[in-house]
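Trainee: Please give me a close look at the empty space in this structure. What encloses it, and which parts of the chain take part?

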Amino acid sequence: MTSMDREFLAPESLESARSALAKATTLPANAFTSPGLYEIETERVLASSWLCAGRLDQVPNVGDYRCVDLLGDKLVMVRSQDEIVRVFSRVCRHRAAEVACGHGNTKSFQCPYHAWTYSLDGSLRGAPFMEQTANFDRRDFGLPEIRTEVWEGWVFVNFDREAEALGPQLAPLSQLLAPYRLSEMVAVETATYESPFNWKVLTDNFMEAYHHIAIHRDTLEPIYPAKESYTPENEGPYSVLMMPTASKPRSQSRDFGFTDPLIAATVFPFHLFAPNEDSLTWYQIQPERHDHFKLRIYSCFPPEMIEDPDRASEIEGMQEVVRVIHHQDIEACETVWAGLNSRSFDVGPLCSLEEPIWQFNQWWIEKMTRS
């Protein structure tokens, strides 16, 4: 940790971001731009948080698997013979080659280097010519299993074995979103983006509707005006942004239906999703460096909608809307990233419409400064 990083983590450096919303600022620029702080963030925040590895519907059958990279770890999500979805390291226990890539269906995982073979439960089934190695026992060399928890159809992993269970922390959010049938949705990959900026730039953008007035002035703002958006109070590791429609603003709404308001939710640190009546948009973020992450966007639909050929064009149309919106957001994120890297910017004041960012910042600061 450099002296600059230690100075950043001092209480006085983050005092303005800790203030009540009416007086609060953004996180300082180096919270986004510092490679050293990203390393600290990875250990103190990300590695002890619940991170989404995928969805149950992405591995519906025994032997279905999907590889995912999280925090530099090479993982594979697989449905085992007992129908349980597990997540393992996909790094061979012999010489560290990867035993799987991409996605597909298999009866076992075999290392392409020396043919070590692993069962779907991670146990080592075969290791050629190891009989002469002293004290070698296959039971000692299975693929390491990562702690998992399923929430609303998503499979979350946590590298911290002592971390608090996720479900109880998100119980109020589950109750709020119960009508949306999240666990029943089926994911359809919509787009993949190499994103050359810090992951928090995108999460901040996703959490607020304030930018509708400029970035989305011709798309979202006419339908979901920024001034009507609001954020319910919560005590869990998540935020919820409510966006009433222009035709039924918040002042006239008491019992919202499926699409009134639009909801954007974030499970901290970076599980982003937005449900509505017959679809669910999900952003899967995979941080790689302080200045780069991979983003996979999925549009999720009820199975009956996907199975109906007459609705194929409707599905594609909804996916195209998601792509258009995100391309507008890319422009916003890129200009923010350039500004964060300039010498003249440190912090800026938060607007009352940016309460979810404030909520996230309090959570992030608490984790970053925990001794």
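The answer goes from the whole chain to its pockets, then to one helix residue and the cavity.

Mentor: This is a predicted model, in which local features need pLDDT of at least 70, side-chain atom pairs count only at pLDDT 80 or more, and totals for chains, interfaces and linings use all residues. Residues are numbered from 1 along each chain as written, and side-chain values use heavy atoms, without hydrogens or water.

The chain has 371 residues, of which 54% are buried (under 20% relative accessible area with a 1.4 Å probe, against over 50% for exposed and in between for partly exposed). Its secondary structure consists of ten helices and 16 strands (DSSP runs of at least four and at least two residues, numbered from the N terminus). Along the principal axes, the C-alpha atoms fill a box of roughly 75 × 60 × 35 Å. Of the contacts (heavy atoms within 4.5 Å) between residues at least 6 apart in sequence, 61% join residues at least 24 apart.

The largest pocket holds about 630 Å³ of space. A pocket is an open set of points on a 1 Å grid with protein on both sides within 12 Å along at least five of seven lines, a cavity is a set where a 1.4 Å probe fits but cannot get out, and lining residues have an atom within 4 Å of a point. There are 29 lining residues in the largest pocket, and L220, L262, A274, T281 and I325 are the closest to its centre. Two or more lining residues come from each of helix 7 (199-207), strand 12 (238-243), strand 13 (262-267), strand 14 (271-276), strand 15 (279-289), strand 16 (292-301) and helix 9 (312-340). Of these elements, helix 9 contributes the most, namely five residues. Sorted by class, the lining comprises 17 nonpolar, ten polar and two charged residues (Ala, Val, Leu, Ile, Met, Phe, Trp, Tyr, Cys and Pro are nonpolar, Asp, Glu, Lys and Arg charged, the others polar).

The second largest pocket contains about 540 Å³. Its lining is made of 23 residues, and those nearest the centre are T26, D204, E208, V336 and E354. Here the elements that supply two or more lining residues are helix 7 and helix 9. Helix 9 again gives the most, with six residues. This lining has 13 nonpolar, six polar and four charged residues.

Helix 9 therefore deserves a look at one of its residues, L340. L340 is buried, because its relative accessible area is 8%. Beyond its neighbours within four places in sequence, L340 contacts A29, F32, T33, V201 and F345. Its C-alpha atom lies 9.6 Å from that of A31, although 309 residues separate the two in sequence.

The search of the whole structure for cavities of 30 Å³ or more finds one. The largest cavity encloses about 30 Å³. Its lining residues are L51, C52, F270, H271, W282, Y283, Q284 and I285. Strand 1 (51-55) and strand 15 each provide at least two of them, and strand 15 gives the most, with four. Six lining residues are nonpolar and two are polar, while none is charged. One member of this lining, I285, touches L70, W199, L202, T203, F270, L272, F293, K294 and L295, when residues up to four places away in sequence are not counted.

Note on methods:
Points joined across faces, edges and corners; volume = space filled by probe spheres on them.
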